[in-house]
Amino acid sequence: MKDKSTAPKDIAHVLAPPPLILGVPLIAGLVFHESFHAFDIPQHMLSWPVRAFGGAAFVVLGATFIVLALLKFRRAETPPEPWEETTALVTGGIYRVTRNPMYLGMALIFFGIAVIAGCLFMLALLIPTLFVIDRYVIAREEAYLERKFGEPYRALLATSRRWI
């Protein structure tokens with residue numbers, strides 16, 4: 001019998017922690033924006049009040065998605081971190097809207113901050129960042145969850161979208 005402490009974890013093997021994958025380009029974009037102001041959204045396109053309130057709305061929506069997802073994980077008594085072993089399939093609630101509300105929430109927060117900052121460069125950074133999340137986090141999680149939960153997970157795939 002294997003000692004549980006030395007047995008390899010049954011995990012999704014994602015590329016890196018998703019908050020890190022999204023956080024590094026966000027911070028790099030903010031630093032670049034503050035240093036150069038080369039890719040500012042023109043004032044005539046989006047005034048400061050529109051950027052502030054519009055961006056804040058995306059930040060609040062994103063945070064709401066994350067909180068709702070974390071509450072579902074807590075009720076299911078399974079860790080939300082993709083580098084931990086999943087013990088239950090989380091469905092219902094926000095998962096009827098999207099299979100990945102935390103990643104969608106992080107993307108909405110990133111988008112909202114880029115809008116508030118008025119930086120086109122940050123918005124451009126979001127595109128490859130979401131590609132990395134989609135291919136090297138979500139795809140690996142989906143393969144892991146299908147292997148672990150089988151038909152119940154395939155049923156979720158059929159009724160809920162990956163993003164929105």
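## A walk through a five-helix chain

Leaving out residues within four places of it in sequence, His33 makes contact with Asp40, Ala117, Gly118 and Cys119. That's a handy place to begin, with one caution: what you're looking at is a predicted model. His33 itself sits in helix H1. Is His33 buried or exposed? With a relative accessible area of 4%, His33 falls under the 20% cut-off, so it counts as buried.

Now zoom out to the whole chain. There are five helices and zero strands, so if you read from the N terminus the elements simply go α-α-α-α-α. Along the principal axes, the C-alpha atoms fill a box of roughly 65 × 30 × 25 Å. The chain has 164 residues, and 38% of them count as buried. As for who touches whom, take the contacts with a separation of 6 or more: 77% of them involve residues 24 or more positions apart.

Next, look at how the helices sit against each other. Two packed helices are described by the angle between their axes and the distance between the axes. Start with H2 (residues 48-76) and H3 (residues 101-117). The axes of H2 and H3 are 7 Å apart, and the angle between them is about 165 degrees. That angle is over 145 degrees, so H2 and H3 count as roughly antiparallel to each other. H2 passes H3 in a left-handed crossing. What kinds of residues make up the contact of H2 with H3? They divide into 23 nonpolar, four polar and one charged.

Helix H4 (residues 120-149) and helix H5 (residues 151-159) give you another packed pair, with axes 6 Å apart and an angle of about 135 degrees. An angle of about 135 degrees is neither over 145 nor within 65 to 115, and it isn't under 35 either, so H4 and H5 are oblique to each other. If you want to find the contact on screen, pick out Glu142, Leu145, Glu146 and Phe149 on the H4 side. On the H5 side, they meet Glu151, Pro152, Tyr153, Arg154 and Leu157. The residues of this contact of H4 with H5 split into five nonpolar, no polar and four charged.

On to the aromatic rings. How many aromatic pairs are there? The count comes to six. In one of them, the rings of Phe32 and Phe36 have their centres 4.9 Å apart and their planes at 45 degrees; that angle lies between the 30 and 60 degree cut-offs, so the pair is tilted. Why are Phe32 and Phe36 separated by about one helical turn? Because they are four residues apart in helix H1, which covers residues 18-36. Phe32 has a relative accessibility of 25%, so it counts as partly exposed, while Phe36, at 56%, counts as exposed.

Phe58 and Phe111 make an edge-to-face pair, with 4.8 Å from centre to centre and 75 degrees between the planes. This pair links distant parts of the chain, since Phe58 belongs to H2 and Phe111 to H3, 53 residues apart. Phe58 is partly exposed, with a relative accessible area of 32%. Phe111 counts as partly exposed too, at 28% relative accessibility.

Going back to Phe32 and Phe36, ring pairs also bring in Phe39 and Phe121, and these four residues are linked into a cluster.

Let's finish with two alanines. Ala114 is in helix H3, and its relative accessible area is 0%, so Ala114 is buried. Not counting residues up to four places away in sequence, Ala114 touches Cys119, Met122 and Leu123. You may recall Cys119 from the start, as one of the contacts of His33. Ala114 and Val97 are 17 residues apart along the chain, and their C-alpha atoms are separated by 24 Å.

Ala143 is the other one, and you'll find it in helix H4. With a relative accessible area of 48%, Ala143 is under the 50% cut-off for exposed, so it counts as partly exposed. What separates the C-alpha atoms of Ala143 and Ala12, 131 residues apart along the chain? The separation of those C-alpha atoms is 7.7 Å.

Technical notes
Residues numbered from 1 in each chain as written. Predicted model: local features only at pLDDT ≥ 70, side-chain atom pairs only at ≥ 80, totals over all residues. Heavy atoms only, no water. Phe/Tyr/Trp six-rings, centres within 6.5 Å; stacked < 30°, edge-to-face > 60°. Helix = DSSP H or I, 4+ residues; strand = E, 2+ residues; numbered from the N terminus. Buried < 20%, exposed > 50% of the residue type's maximum accessible area, 1.4 Å probe, protein only. Axes fitted to C-alpha atoms, helices over the stretch in contact; angles between N-to-C directions. Contact = heavy atoms within 4.5 Å. Nonpolar A, V, L, I, M, F, W, Y, C, P; charged D, E, K, R; others polar. Left-handed = near helix turned anticlockwise from the far one by under 90°.
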